[in-house]
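Please open the model in your viewer and keep the sequence panel beside it. The stops below move from one selection to the next, with a short account of what is found at each.

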Amino acid sequence: MIIDFHTHVFPEKIAAGTIEKLEDFAHIKAHSDGLLEGLKASMLKAGVDYSVILPVVTKPSQFQTVNAYAASIHGRDGIISFGGIHPDSSDHRGELQQIAELGLPGIKLHPDYQGLHITDPRYLRLITCAVDLGLIVTIHAGIDIGLPQEVHCPPEEALQMLQYVEEHAREPEAARIILAHTGGYGQWDEVEELLTGKPVYFDLAYTFGHISEAQLLRIIHEHGADRILFATDSPWNSQQDDIAALLKLGLTPEEQSAILGDNARHLLHI
């Protein structure tokens, strides 16, 4: 089984404009059109069984619209959608409960798009509450190539956040927190120094082609293949190409199976 733990789609009325805008910001070209059907076509071509969609709420007023769309696509045709929430929510506990009641298994946070450091008290209380409610938390970590001026979740702050959750969550050992982009895009030396071996998952979104194979293998082995999730950041990386790249790394069959799907199956209770 292959599960892509980090993908994005957009409602039809905004997809084209959103993709164009993001391409301009990041100076990259999307591999698909950003539509749900485009993702499904990519999955079929690549042999991906499930894709996890990660919506981002960039202002509190988007909460209902974003999560209504997430709920409308979740659970069909291999699509699993997380919910979105903004740290400036006036009722973060109530909104997290709504996400859980919709059946969405987790939330996506993007400190760069949401304009706060991951160590901000608003994030710390939100993440801790999400953990207490049993939700998975995926966080954009490291540089965002479209907004590179300030990094809002560098490895040293990610470590502080993890320590806070460990101290304040009711059952910290049950926390399911994922740092996207192999722990911190473009900051992988610091990831190796500070985050490998810590109780957190890394997803591989937008990693292949941007990190050396030697460093990626080192991070996987230092952190443990059981804490690594296959992910592409589709439409920004190709699902087919990233699967091929993973299979060429020289991992054992057991490590490949864990990363491609077994770890995600455990997290998602599939």
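In what order do the six strands of the open sheet stand, and is their pairing parallel or antiparallel? The order is β4-β5-β6-β7-β8-β9, and the pairing is parallel. Before selecting anything, note that this is a predicted model, in which local features need pLDDT of at least 70 and side-chain atom pairs count only at pLDDT 80 or more, while totals for chains, interfaces and linings use all residues. Residues are numbered from 1 along each chain as its sequence is written, and side-chain values use heavy atoms, with hydrogens and water left out.

**The six-stranded sheet**

Begin with the edges of this sheet, where β4 and β9 (228-229) each have a single partner strand, so that one side of each is left without a neighbour in the sheet. Strands here are DSSP runs of E with at least two residues, helices are runs of H or I with at least four residues, and both are numbered from the N terminus; two strands pair if DSSP finds at least two bridges between them.

Next select residues 83-84, which are β4, together with residues 106-109, which are β5; the two strands pair in the parallel sense over two bridges, and G84 stands opposite K108 of β5. Within β5, G106 and K108 point one way and I107 and L109 the other way, yet all are buried, where buried means under 20% relative accessible area, exposed over 50% and partly exposed in between, with a 1.4 Å probe and protein chains only. Further along the sheet, select β7 (residues 177-179) and β8 (residues 201-203), which run parallel and are joined by two bridges; here I178 stands opposite Y201 of β8.

**Helix α4 and its partner α6**

Now select residues 92-101, helix α4, in which H92, G94, E95, L96 and I99 are buried. These buried residues pack against α3 (63-73), β4, β5 and α6. Just after the helix, G103 takes a positive phi of about 85°.

Add helix α6 (residues 121-132), which packs with α4 at an angle of about 40°, the axes lying 10 Å apart; axes are lines fitted to C-alpha atoms, for helices over the stretch in contact, and angles run from 0 to 180 degrees between N-to-C directions. The crossing of α4 and α6 is right-handed, meaning that the near helix is turned clockwise from the far one by less than a right angle. The contact, for which heavy atoms must be within 4.5 Å, is made by H92, R93 and L96 of α4 and by R125, L126, C129 and A130 of α6.

Centre the view on H92, which is buried with a relative accessible area of 17%. Leaving aside residues up to four places away in sequence, H92 touches I85, R125, L126 and C129.

**Two cysteines**

From H92, move to C129, which is buried with a relative accessible area of 2%, and then to C153, which is also buried, with a relative accessible area of 1%. How many disulfides does the structure hold? It holds zero disulfides, a disulfide being a pair of cysteine sulfur atoms within 2.5 Å. The sulfur of C153 is 19 Å from the closest cysteine sulfur, in C129, which is too far for a bond.

**The three-stranded sheet**

Turn next to the open sheet of three strands in the order β1-β2-β3, where the pairing is parallel. Its edges are β1 (3-7) and β3 (79-81), each with a single partner strand, so one side of each is left without a neighbour in the sheet. Neighbouring strands of this sheet are turned by 20° against each other on average, direction ignored. Select β2 (residues 50-53) with β3, and you will find parallel pairing over three bridges, with I79 in β3 as the bridge partner of S51.

**Helices on this sheet**

Show helix α2 (residues 36-46), which packs on the sheet and touches β1, β2 and β3, its direction making about 145° with that of β2. Helix α11 (residues 253-268) lies across β1, β2 and β3 as well, running at about 70° to β1.

Finish with helix α10 (residues 239-247), whose axis comes within 8 Å of that of α2 and crosses it at roughly 35°. At this last stop, L39, S42, M43, K45 and A46 in α2 meet Q239, Q240 and I243 in α10.
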